[in-house]
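These are my notebook entries on one protein chain. I looked up strand pairing, burial, a helix and its end, and ring contacts, in that order.

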Amino acid sequence: MIKTELKAKLQRTFPKAKTVGSGRLFTRQLSNLVDAALIQLFQEIELESPIAKHLSLLAVGGYGRRELAPYSDIDILYLHDGKIPEKRLTQIISKINTFLYDNRKEVGHSCRTIKESFKYLDQIETFHAVLDVRFLVGSLPLFQKYKSEFLAKISPAKIKEFNQWKLSYLRERIINSYNPILLSEPNIKNDPLGLRDIQQMYWIEKTDPLHDSIDGGIFDFYLIGDSLDLLSAYDFLLLTRSALHIVSGRKNDRLDLEFQPEVAEYLGYGPKTEIKSIELFMSRFYKAQKDVYFYIGTFLDEKTKTPSHSLKKDLSNPDSLYDDIMDFFSECQKSEEEPSRISLNEIRLASHFIDDDFKNQKTVIDRFLAMLKYKKRIGHSLTLMHECNVLGKLIPEFGACTNFPLFSYHHQYTVDEHTLLILRELDVLIADLWEDSQVQEIFNSCDKVHILALAILIHDAGKVKEGDHCQYGAELALIIAERFNLGEEETELLRFLVAEHIIMSDLSSKRDIYDPNLIASFAQIFHDQNTLKLLYIMTIIDTKSVGQGILTNWKKEILYHLFESTLHQLAENVSAIDTEDRNISSIRNYLLEKEALEESQVSVILEFSKSIQPSSYINYNTPRRIFQHYIYLAEWKQTSSQFKLVSESEPAFLTLSIFTGNNRKMLLYITGSISSLGLNLVGLRAFQTKFGDLILQAQVTDIYGSGSIEESQIKNIEANLSDCISGRVNIEDLASTTSLWRSNPKIPDGMVEELVKFSNDISSDYTVLEVRVPDSIGLVYRIVKSLIDFHLNVIFVRISTSADFAYDTFHIQSETGQKIEEAGVLISIKEKILEVAQMKQNQGVFEISF
């Protein structure tokens, strides 16, 4: 036999890892190749001097399970009956081991009789290894005797002891873990949710008397019901480990940042030079780990019958599904009782039937906000919601971060795991148990902690996009605030905390925090002292949650100095800083620091920002987007086109920005075009420059509430706008047709009362019009057209639909930019709206608030 023939066969097989697509099949084939080589070698030795009656060659460990990775050790048990001379036995072992060494295989071997095997049972590793024993060649009767006189005689008390240890180990390591267990550089075999944790369950099951006749590996035990996800995860982890061995050229189980691109490319996720390839691969890796996590939880509940909070309803009623799920998490939070892992798995399965309207349902939002305001176990509760795929359904902006890796050597966790760890650190502060009394004292004086919790939840959501994640995150914050119907003060606080969440870290580590001018400038961005306190607390727990050892004493000291100095500055300036001034200051800092513009350029853009009406423009748009608008508007003016359309995908919808001249009909063209394509307009804002040009911002979803709008549909919107402007298409005809219309469930008559309500007490600048009428094709278009026919400016539109009713809000002004306060005009508008809604006059509720 050629000495290195096995090595050549293994090397020829390695590339199959790219195409076979199954870790189980690949590692089994490698095991089979080693089996064949050892059997042939043993037979050659047998020809020299007969030994087969007295010696069995047995595979143990991973090799025994036929799960041999490319550079894994070959674990062999030389089982003999004591009748082979010691010198001869040593020669045989040496020959076989040397053969494996010559073929670049490391060997782990033991040599024992049946009687000697009992001596090693106190070591749990040895116990696990013999559980995976598999006959290769030699004396089959001796192996059968080994099974009957050793394996079958292992003390039940010893088995119970080891199994109880494994159950406790898994619960403490996985379920009760405070720190995130999805790591940026995971050990595929030994880290939490790795191969070894699955094997722990397998070893428990293999010692069950019902399974004592089974002679196989992991896959022979988990072949029913919910275990299919576990099998898929285990298969993927086996394949990933094999690929890592191959690209490393050695035994290596640490999937670090250096090898992630190589493994991603090797397994077909795309070129290793593209970040997207690594993101796709690592997202799949983390999904596998989460499937393992859930199986371990249900497995432990089944095995230990631990008292826990269980579902009181079976989640079978689609009409109450959303409320039933939120009630479960709310009850767990209030009772402080750990939920049943079996119940959590039921919720995870039910989450597949949660639709996009979940995030807009008022009862769901109200329950969620109540959980944030309860100020107990907020982070723990949100972690459970995320594990069950519920949190990302409620806040898709955060859901987009699920399993999202951070390619950073100091970030130890994924974006979602990092975020949830910060929230669990917030739990510690709420419980008054923080390790640093100075930080705890500051937190105890904070107000609006529920807004801080919401800001933490979405502070890194912007990292899923390239560019400034703080600015994009702030844009998402405004979207969520609007969806959650937060007041202006809370909305601004949320936006600020997200937009500025790294500024204290940056200033303290990159600037001279002892410079009084720096402190004075920094203090100008704060509305009040509470905002500063919340930002400081957020910075501290965010930094700590990046990874172990990141929040050093030095870091805490300089952050506290920056906080204390700024607090003193604010205390001296008693009057609150004007919101507009603070926003202008933020825009200025962004343009100078992030865009590196000259002072003269900054001044022009600041003047541009301040001149746009209504003045809410700089509240609703981040400095990044304002700068973009300035550029896009300038680009459009250099063309002969009637308008410029720019689209930007958000997790929950598509944002369309349209730059055009002073043509109020563009509002009609936009609403009509979107409606005709079967898309939903969920929000629309209109702003005007001092030269009369319009900046229109529309938020669009598909009929299911998703922001996944195809590029072809965006081009269709653009084409429709162009055709409407040129007169090639009649907007009335366009708005009354649709390419797709979904029939919503009908609300029973009398359950919802129609409403037309005007409020002049909400804002000093505009009138708020609320409309609640039956939904129909082109309804928003017809209402907007009616308002324009009354020579009104529509500056904001918010669209919401529940079943077959539309709940729409419009901010309107007179042509001169004033509120609409004349009662006769308001009554006429109401009658027109009821007419275009195809309802009878004097039907429903009519309200005016002054």
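**Hairpin.** I looked first at S5 and S6, which form a hairpin with four residues between them. I took helices (H or I, at least four residues) and strands (E, at least two) as DSSP runs, numbered from the N terminus. The model is predicted: local features need pLDDT of at least 70, side-chain atom pairs count only at pLDDT 80 or more, and totals for chains, interfaces and linings use all residues. Residues are numbered from 1 along each chain as its sequence is written, and side-chain values use heavy atoms, with hydrogens and water left out.

I counted two strands as paired if DSSP finds at least two bridges between them. Strand S5 (residues 643-649) is antiparallel to S6, with seven bridges; Glu648 has Thr655 in S6 as its bridge partner. S6 is also joined by seven bridges to strand S8 (residues 694-701), again in the antiparallel sense. There, Leu656 has Ala698 in S8 as its bridge partner.

**Burial of S6.** I used buried for under 20% relative accessible area, exposed for over 50% and partly exposed for values in between (1.4 Å probe, protein chains only). In strand S6 (residues 654-660), seven of seven residues are buried. In a regular strand the side chains alternate between the two faces of the sheet. I therefore checked each face of S6: Leu654, Leu656, Ile658 and Thr660 are buried on one side, and Thr655, Ser657 and Phe659 are buried on the other.

**Whole chain.** I recorded 37 helices and 13 strands in the protein chain. Its C-alpha atoms fill a box of roughly 110 × 65 × 55 Å along the principal axes. Of its 850 residues, 56% count as buried. For contacts (heavy atoms within 4.5 Å), I noted that among those between residues at least 6 apart in sequence, 72% join residues at least 24 apart.

**Helix H13.** Does the span of helix H13 (residues 275-304) agree or disagree with 1.5 Å a residue? The expected span is 1.5 Å times one less than the number of residues. For the 30 residues of H13 this gives 44 Å, and the end C-alpha atoms are 43 Å apart, which agrees. I found 21 of the 30 residues of H13 buried, so the helix is largely enclosed by the rest of the structure. Just after H13, Lys305 takes a positive phi of about 50°.

**Aromatic pairs.** I paired rings of Phe, Tyr and Trp (its six-membered ring) if their centres lie within 6.5 Å; planes under 30 degrees apart count as stacked, over 60 as edge-to-face and the rest as tilted. By this rule I obtained 22 aromatic pairs. The rings of Tyr322 and Phe358 have centres 4.9 Å apart and planes at 80°, so this pair is edge-to-face. Tyr322 is in helix H14 (residues 321-335) and Phe358 in the loop between helix H15 (341-350) and helix H16 (362-373), 36 residues apart. Both Tyr322 and Phe358 are buried.

The rings of Phe496 and Phe526 are also edge-to-face, because their centres are 5.4 Å apart and their planes at 65°. Phe496 and Phe526 are both buried. I further noted one aromatic cluster formed by Phe236, Tyr269, Phe281, Phe285 and Tyr286.

**Charges over rings.** My criterion was NZ of Lys or CZ of Arg within 6 Å of the ring centre and within 35 degrees of the ring normal. Arg348 lies over the face of Phe294, at 4.4 Å from the ring centre. Arg685 lies over the face of Tyr620, at 4.0 Å from the ring centre.
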